[in-house]
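Here's a short set of exercises to work through with the viewer open. Try each task yourself before reading its solution.

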Amino acid sequence: MTTTKTKTKLPPNPLLSEVLDAVSKARSKAKKVELLKEYDSPAIRAVLIWNYDASVKSMLPVGDVPYSPNESPKGTDHNRLTAEYKNLYHYVKGGNDPLPALRRESMFIQLLERLHSEEAQLICLTKDKNLNQKYKLTQEIIAEAYPDIHWGGRS
């Protein structure tokens, strides 16, 4: 009996969580790098830099965030992190430091409630630099996929 490998193709305009899930499930470093290159976007880079660059400091409290998950279907454009990533600077040191902490936390909760539940979970893991709890991905793999990212000196 012969078995055939089925290549799982992501849907058009996948959620960042779908991309990172596919990268995580890839069995080789080369395949992980290939997938990151194929689905390269400013949004995925922003999330990966926030999580893996030690110089990026979150301005949000560590731990669980009290929010109501968005139950919209995956294909809805307004609930994509790719549409919201430009506002992530509010949540890291050096981005919008004068913003009062209470306002920052309120904005973050509103962001999470707009995002698809998988994207919200991804950004919650990112704020605490815990993407590796869910996704099998290292800074070394990211650096190979995106050699133009300069690590350090951000905050």
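**Exercise 1.** What covers the buried residues of helix H2?

Before you start: this is a predicted model, where local features need pLDDT of at least 70, side-chain atom pairs count only at pLDDT 80 or more, and totals for chains, interfaces and linings use all residues. Residues are numbered from 1 along each chain as its sequence is written, and side-chain values use heavy atoms, with hydrogens and water left out.

*Solution.*
- Step 1: find H2 at residues 29-38; helices are DSSP runs of H or I, at least four residues, numbered from the N terminus.
- Step 2: pick out its buried residues (under 20% relative accessible area, 1.4 Å probe, protein chains only): Lys32, Val33, Leu35 and Leu36. They sit on the same side of H2 because their arc around the axis is only 160 degrees, taken from the directions from the helix axis to the C-beta atoms.
- Step 3: list the cover, which includes helix H1 (16-25), helix H3 (42-52) and helix H7 (139-145).
- Step 4: flip to the face turned away from the buried side, and you'll meet Ala30 and Lys37, both exposed (over 50%).

**Exercise 2.** Place Gly152 and find its contacts beyond four places in sequence.

*Solution.*
- Step 1: look in the segment after H7.
- Step 2: Gly152 counts as partly exposed because its relative accessibility is 34%, in between the two cut-offs.
- Step 3: with neighbours within four places left aside, Gly152 touches Asp53 and Ser55 (contact means heavy atoms within 4.5 Å).
- Step 4: check Val56, 96 residues away along the chain; the C-alpha atoms of Gly152 and Val56 are 7.7 Å apart.

How values were computed:
Helices (H or I, at least four residues) and strands (E, at least two) are DSSP runs, numbered from the N terminus.
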